[in-house]
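Colleague: Could you walk me through the labels people put on a structure like this one? I would like to see how each label follows from a number.

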Amino acid sequence: MPRISAANNAAQRAETQRRVLTAFGELLFTHGLPGLTMTDVARHAGVGRTAVYNYYADIEELLISYALDETERFLAELRESLSTLENPVERLALYVRTQVEDLSRRHLPPGPAMAAVLSPSSFAKLADHVGELSVLLQGILRDGMAQGYLPQADIGQQAQLIHGTLSSSAARGSNEPAELEARIARTVRFIQLGAGARFDDDGAPLRVSLPLP
């Protein structure tokens, strides 16, 4: 008789589902999405194929669940980290750094590839969720402008340009620690300066205009 490792059935189900999602993410990283099957995921997770189908009807449903889970985790960690900083220019730096680090190691296919494999309704779910990142970035930019650390600009357009730069930076070059750190540092300063931030000789953010009343 198999040993029950979880305290109850609900915990056991949650544990199994987590193993399935983890296995799926690892296979995305090592093998990519094309050709990946539910049987592959079940085998890698160490569970029966029926167990996988108990949670997900097909690979598309598994992919969207994994993507949403990854995004929720990332957003929670990012919000917690941002809450420790007050200056909006420093918060922008943290946002950029965290995004490049995450995009550089993320197992998910890029946006266009996701759109090609997901149904329009599933892709819309993911797009809405990822849109929360844009809202978070726009809030940082808005605070920077209101406090006088960034010049007034079209916040929505600026957020789009920043996200484009982030994706490009994450996809370029080696992820060897020293190279990745150098790339992140260049990206942070490029985006800060592009947004209009200015710094004193010690690297501290300067106000470029008076705060809004």
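Modeller: We will take the labels one at a time, starting with the ground rules. This is a predicted model, so local features need pLDDT of at least 70 and side-chain atom pairs count only at pLDDT 80 or more, while totals for chains, interfaces and linings use all residues. Residues are numbered from 1 along each chain as its sequence is written, and side-chain values use heavy atoms, leaving out hydrogens and water.

Colleague: Why is F24 called buried?

Modeller: Buried means under 20% relative accessible area, exposed means over 50%, and partly exposed is in between (1.4 Å probe, protein chains only). F24 has 0% relative accessibility, so F24 counts as buried.

Colleague: What makes F24 and Y66 an edge-to-face pair?

Modeller: Rings of Phe, Tyr and Trp (its six-membered ring) pair if their centres lie within 6.5 Å; planes under 30 degrees apart count as stacked, over 60 as edge-to-face and the rest as tilted. The centres of F24 and Y66 are 5.6 Å apart, with 75° between the planes, which fits edge-to-face. This pair links distant parts of the chain, as F24 is in helix α1 (residues 9-31) and Y66 is in helix α4, 42 residues apart. Helices are DSSP runs of H or I with at least four residues, numbered from the N terminus.

Colleague: And why are Y55 and Y56 called tilted?

Modeller: Their centres are 6.3 Å apart and their planes differ by 45°, giving a tilted pair. Y55 counts as buried because its relative accessibility is 17%, and Y56 is buried too, at 3%.

Colleague: Is R189 buried, exposed or partly exposed, and how do you know?

Modeller: R189 has a relative accessible area of 37%, so R189 is partly exposed. R189 belongs to helix α9 (residues 177-194).

Colleague: What makes you say that the charge of R189 sits over a ring?

Modeller: The rule asks for NZ of Lys or CZ of Arg within 6 Å of the ring centre and within 35 degrees of the ring normal. The charged end of R189 sits over the ring of F199, 4.1 Å from its centre.

Colleague: Which residues touch the most other members of the largest nonpolar core?

Modeller: L92, Y95 and L141 do, in a core of 30 residues. Helix α5 gives the most to this core, with 7 residues. Such a core is a set of buried Ala, Val, Leu, Ile, Met, Phe, Trp, Tyr and Cys residues joined through side-chain atoms within 4.5 Å.

Terms used. Helices (H or I, at least four residues) and strands (E, at least two) are DSSP runs, numbered from the N terminus.
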